[in-house]
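Take a look at the structure below. What follows is a short tour, from the whole chain down to a single residue.

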Amino acid sequence: MINQTPKWPVFVLGSVAVIWIVPLVGIIAMSIRPEGEIVNGWWTIEPFTFTLEAWREVWVNYPIGRAFLNSLAVASFATILPVLFAPAAAYAFHYLKFPFRRILLLILVNAFVVPNQVVIIPLFKLWREMGLIDTYWSVVIPFVGLSFAWSVLLVKNFLSNFPRSLIDAAQVDGCGHLRTYFFIVLPNTLTAMAAVGILQFMWTWNSLLLPMLFLRENATLPVMLSTISGTYEPNWDQRAVATIITSILPLIIFLFFQKYFSADGKNNSGSKG
Amino acid sequence: MSVQHGSILTSQTQAGPFAGLATRLFGGNLRRADWIAFALLAPTLIFFSIGVLYPLFETIRVSFLDWTGLSQPKPAGFSNYIKLFNDANFWNALRVTLTWTLACTGISVFIGWSVALISGLAPKQTAPFRVAIFAAYGISETASGLMWLGILQPDFGLLNGVLRIVGLEGWASPWLGEPSTAIWGVVAAYVWTQAGLPLLTCYAAIQAIPKSQIEAAHMDGATHFQILRYIMAPLSLPGVRIAIFINLLNSLKAFDMIHILTAGGPIRSTETVGYFMYQESVVYFKQGYGAASTVVLLLAVIVCSIPLILDKASESK
């Protein structure tokens, strides 16, 4: 083959990628240097003192461990529920005929237009009346509700590649719809469920607006981060540490799964054609 | 397709234990299969109704009330909307929203698309750079905002530091504290988090181009630039299109990044409609007024998504 890979894209994209790396390097540098050196510029080389003092201070001054667990609980609940329920809804919409089917589906899949800002005030009043403020449910319910706008369609599109013959075979063998769903379709939608789960976990872990308004004692990491950065103290080292703690889990998940995001949904149902 | 099959499947259902109740509820039209359908849908519909539909209708209802939180709500007709369009601050928010969404969407898609095209020429060698740009998409806006303070902070931020080192001290500026530059500082940080998405969608479209097509062009003597311009660019347009929509909607709805970096200031120069709503309803307790501005935001999102809504209408058979 003739020379098909030129050199210049590597240099061009390498310099673009630097812009993406520098803020990360900056936040790591700020988290391991004393405040006194940061205010002269985190990028300065001399003098360089390595310290984990900021990590200790964040731990002592703020309930950051608890915020981590709160984030974990909120994101886990808000992820498990759509992963369990979206395939059921997708199955019903895809394979069953029932009254109001089309209008329900249209309302559901077009709810992606609803911004978080629309739900905050009515839900705040509702949660206050029901005594749900500062409980996980106050954020999990809207997170789960908003997720169905995209998760049901994602699984439903996945089902449209699912071999029809398997469903028909199950029906011929005497499976009802519930059994077909649980034993034939559900085990084969794991790829779609994983996609829903990863996207939803990242989105709920990272969001600020709803937890900021509905949670107080049970603040999540982004809320804690916004509190720490809202102080007027010179605490740049501590802000950097909190930023790293907030980002580390989604970043690991993201790097681990990034190659699957672009991969097309092949299903391994064992059926040809 | 699915409808035809569905009718075959549902025709073989028999009356179940709840058929009696169902018959009474739906006048005899509800079969056992319908019951199963609603049982499968129930959790989705319950969460969706409480978490989305109820707040949606409640916001629209409140936008027609004169309600400041402490007072008793009074019916107010369209007065909140009339007040809104006579409010200089709201017009400012509309103007900021326009600049913000166009800049964020345009720059993110431009960067993402360009990177995807260029890396299409050397996919293997540029893989780590794509991962680096894409990874920022996984970091929260709150954390990304703080990372960008390390660049934009006036005293020890990298940008001013570099300007001082290269002798351009006069150009150093409190980027986020200056009304004329603050919005561009927030745009830069937001684009940093959002460019990964167009990169992903465009690169996927480029990967889908058959290898033989590009090899044939090489054989015919096409240069790298010609392959990029006449094969990859046009064939990646579906990826560009979907990225434009997603980034447009994301930036219209943006809140976290603005909240963490500037909180709408200085002098409302970064206050989009999505942030104006928060100020009016949460900070100033003007519920009816805030709700009216939220409805305007919702309408803006709906108008921008009309092509997507039409897509989904045909897709959701």
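Of the 273 residues of chain A, 46% are buried. A residue is buried if 20 or more other C-beta atoms, placed from the backbone, lie within 10 Å of its own, exposed if 12 or fewer do, and partly exposed in between. The model is predicted, so local features need pLDDT of at least 70 and side-chain atom pairs count only at pLDDT 80 or more, while totals for chains, interfaces and linings use all residues. Residues are numbered from 1 along each chain as its sequence is written, and chains are lettered from A and ligands numbered from 1 in the order in which they are written.

**Chain A overall**

Chain A has 13 helices and 0 strands. Both are DSSP runs, numbered from the N terminus: helices are H or I with at least four residues, strands are E with at least two. Is chain A spread out or compact? Its radius of gyration, taken over C-alpha atoms, is 24 Å, well over the 19 Å that the globule rule gives for 273 residues, so chain A is more spread out than a compact globule. That rule is 2.2 Å times the number of residues to the power 0.38. The C-alpha atoms fill a box of roughly 75 × 70 × 30 Å along the principal axes.

**Annotated spans**

An unreviewed UniProt entry gives chain A the annotation "domain: ABC transmembrane type-1" at residues 68-257. The entry also places "transmembrane region" features, including residues 103-124 and 240-257. UniProt positions follow the numbering used here, feature names are shortened, and annotations may be inferred rather than shown by experiment.

| Span of chain A | Helix | Strand | End C-alpha atoms apart |
|---|---|---|---|
| Residues 68-257 | 80% | 0% | 22 Å |
| Residues 103-124 | 77% | 0% | 29 Å |
| Residues 240-257 | 100% | 0% | 25 Å |

**Where the chains meet**

The contact takes 86 residues from chain A and 85 residues from chain B. Two residues are in contact if their C-beta atoms, placed from the backbone, lie within 7 Å. On the chain B side, helix α3 (residues 32-62) gives the largest share, 19 residues. That side divides into 52 nonpolar, 27 polar and 6 charged residues. Nonpolar means Ala, Val, Leu, Ile, Met, Phe, Trp, Tyr, Cys and Pro; charged means Asp, Glu, Lys and Arg; the others, Gly among them, are polar.

**One residue in chain B**

Thr105(B) sits in helix α5 (residues 88-121) of chain B. Why does Thr105(B) count as buried? Because 24 other C-beta atoms lie within 10 Å. Not counting residues up to four places away in sequence, Thr105(B) touches Ile244(B), Asn247(B), Leu248(B) and Ser251(B). Thr105(B) and Ile244(B) are 139 residues apart in sequence, but 6.4 Å apart in space, C-alpha to C-alpha.
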